[in-house]
Amino acid sequence: MRSKVIGALSLAVAAVGLFAATAPAFAQQKTITVWWGKGFYRSEDDALIAAIKKFEEKTGIKVELSQYAIQDMIPKTVAALDAGTVPDIAYSDSYDVQAQGKWAYEGKLEDLSDVMEPIKDRFAPNTLEASILYNDVAKKKAYYGFPLKQQSMHVQIWNDMLEKAGFKQSDIPTDWNGYWTFWCDKVQPAIRKATGQRIYAVGQPMGVESTDAFQSFYTFMDAYHVKLVDDDGKLLVDDPKVRDGLIKAMKDYTDTYIKGCTPPSSTTWKDPDNNVAFHNKTIVMTHNFTISIAAKWYEDSQNQALTPEQREAGKKAYEQDIITASFPKAPDGSTIKYRSDVKTGLIFTAAKNKAEAKQFLSFLLQEENVRPYIEGALGRWFPVTKESQASPFWQADRHRKAVYNQFMGGTAPFDFTKNWKFTILNNENVWAKAMNRVVSEKVPVDKAVDELIVRIKQVAG
């Protein structure tokens, strides 16, 4: 009995000694909270999780990852800011468009210049600018965010439907007026005759809840060289040339609907709806702010959970039937310079572990970590670093080459990077509201544009 007690005491003492020796190590281990928008593809999320695991192994810092749908990220972040319980680092596809500039202005974002300045030469033109914003509390411009990836406008076309209508890709005009006339006046009646179905030639996003609507409308504005702000963010909408360009862009955009060339439901479309219409082959073409439409079929071709027939259908659609193209020439014959939407992540001033969050940021932006994440999205996102843009991934097929070539032609930033109040206008989607005034309420185009200009001045003046 006595030996058992002594043995038990010895074990207890040993356990206490072990705990005492290891407790400081556990106590010193840091945990950072990371909020991240959920990817469109499993490979995208898998690449993020792999990078996190590498970071944990290298630094000993634990990462507590929470992923949310894009529509939930801003409401959750706003609630966290109000409660003072923000994550240490966060990324959402919607931050840059709807919130980042405002939060920077209000002093809610951490200055990341110490991370970004040493690596700024790695980034491609027109990418860093999305993160260099004005802080009205600190009275300075700095890196209030970090660029992660970018997207731009593309056109997706069903080549097999075009052929069924009696045309081929080389028949598509490249001049502005001829291009839209071709789809509405030639392809639509021909495809309906060939199939006996009520198919529409164009998918024209016009829904107030659709970011596609304002991104597409910006391309129409750019076709007419409409410049709403100068480089300092000052409004230019009082210039008669700007008003004239807006009227022309609005007329062209809404004429597609008025001519019955886009589904009537396109006035209420949300972001996935033009994709769905395309996948269901109720439209022949649509413009979309990524190549996610084509990428969906590529993913199908690789998805082992699908039947061999479904995978083969995905392969055929991606490799043969879908065309990724650009817009036609502008009305004056020039090449449109596309807007690039650079997606950004943030660290908040109220974050509890900012030093460790910056460690994670530096690690994630290393080429061997960020590239698998971007390429995991199957072409939906284009890199912001020069080295990743040179990756063989972008030369692997005609869809990715089209994206590469378009970005290499040069891009321009959106107005909200120069005047953060445009994020409010984008949230309201004043562009789609003006469209609906024309097509649903039968308001003359010039009146709808004048109302649009008034609202722009009220918000961003």
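Strand 4 contributes three residues to the lining of the second largest pocket, the most of any element. The model is predicted, and its pockets, cavities and one covered helix are described here.

**The second largest pocket**

This pocket has a volume of about 380 Å³. Its lining counts 18 residues, and Tyr134, Lys141, Thr417, Lys418 and Asn419 sit closest to its centre. Two elements give two or more residues to this lining: helix 5 (100-105) and strand 4 (132-135). By class, the lining splits into seven nonpolar, five polar and six charged residues. Where does the second largest pocket lie? Domain 1 (31-151 + 342-409) and domain 2 (154-337 + 429-460) both supply lining residues, so the pocket lies between them.

**The largest pocket**

The largest pocket holds about 920 Å³ of space. Its lining is made of 31 residues. Nearest its centre are Phe40, Ile70, Thr211, Asp271 and Pro272. Which helix gives the most to this lining? Helix 11 does, with five residues. At least two residues each come from helix 3 (70-83), helix 4 (95-98), helix 9, helix 11 (271-279) and helix 12 (292-302). The largest pocket also lies between domain 1 and domain 2, because both domains give residues to its lining.

**The largest cavity**

The structure contains five cavities of 30 Å³ or more. The largest cavity encloses about 40 Å³. Its lining residues are Asp96, Gln100, Gly101, Ala130, Leu133, Phe416, Thr417 and Thr423. Thr417 lines this cavity, and Thr417 is also among the residues closest to the centre of the second largest pocket.

The linings divide by class as follows.

| Space | Volume | Nonpolar | Polar | Charged |
|---|---|---|---|---|
| Largest pocket | about 920 Å³ | nine residues | 13 residues | nine residues |
| Second largest pocket | about 380 Å³ | seven residues | five residues | six residues |
| Largest cavity | about 40 Å³ | three residues | four residues | one residue |

**Helix 19**

Is helix 19 mostly covered or mostly open? Helix 19 (residues 430-439) is mostly covered, with eight of its ten residues buried. The buried residues are Val430, Trp431, Ala432, Ala434, Met435, Asn436, Val438 and Val439. They pack against four helices: helix 9 (211-223), helix 10 (240-258), helix 18 (422-428) and helix 20 (445-460). One of these partners, helix 9, also supplies at least two residues to the lining of the largest pocket.

Technical notes: Residues are numbered from 1 along each chain as its sequence is written. This is a predicted model: local features need pLDDT of at least 70, side-chain atom pairs count only at pLDDT 80 or more; totals for chains, interfaces and linings use all residues. Side-chain values use heavy atoms; hydrogens and water are left out. Buried means under 20% relative accessible area, exposed over 50%, partly exposed in between (1.4 Å probe, protein chains only). Contact means heavy atoms within 4.5 Å. On a 1 Å grid over the protein atoms alone, a cavity is a set of points where a 1.4 Å probe fits but cannot get out, and a pocket is an open set with protein on both sides within 12 Å along at least five of seven lines; lining residues have an atom within 4 Å of a point. Grid points are joined across faces, edges and corners, and a volume is the space filled by probe spheres set on the points. Ala, Val, Leu, Ile, Met, Phe, Trp, Tyr, Cys and Pro count as nonpolar, Asp, Glu, Lys and Arg as charged, and the others, Gly among them, as polar. Domain bounds come from an automatic or database domain assignment.
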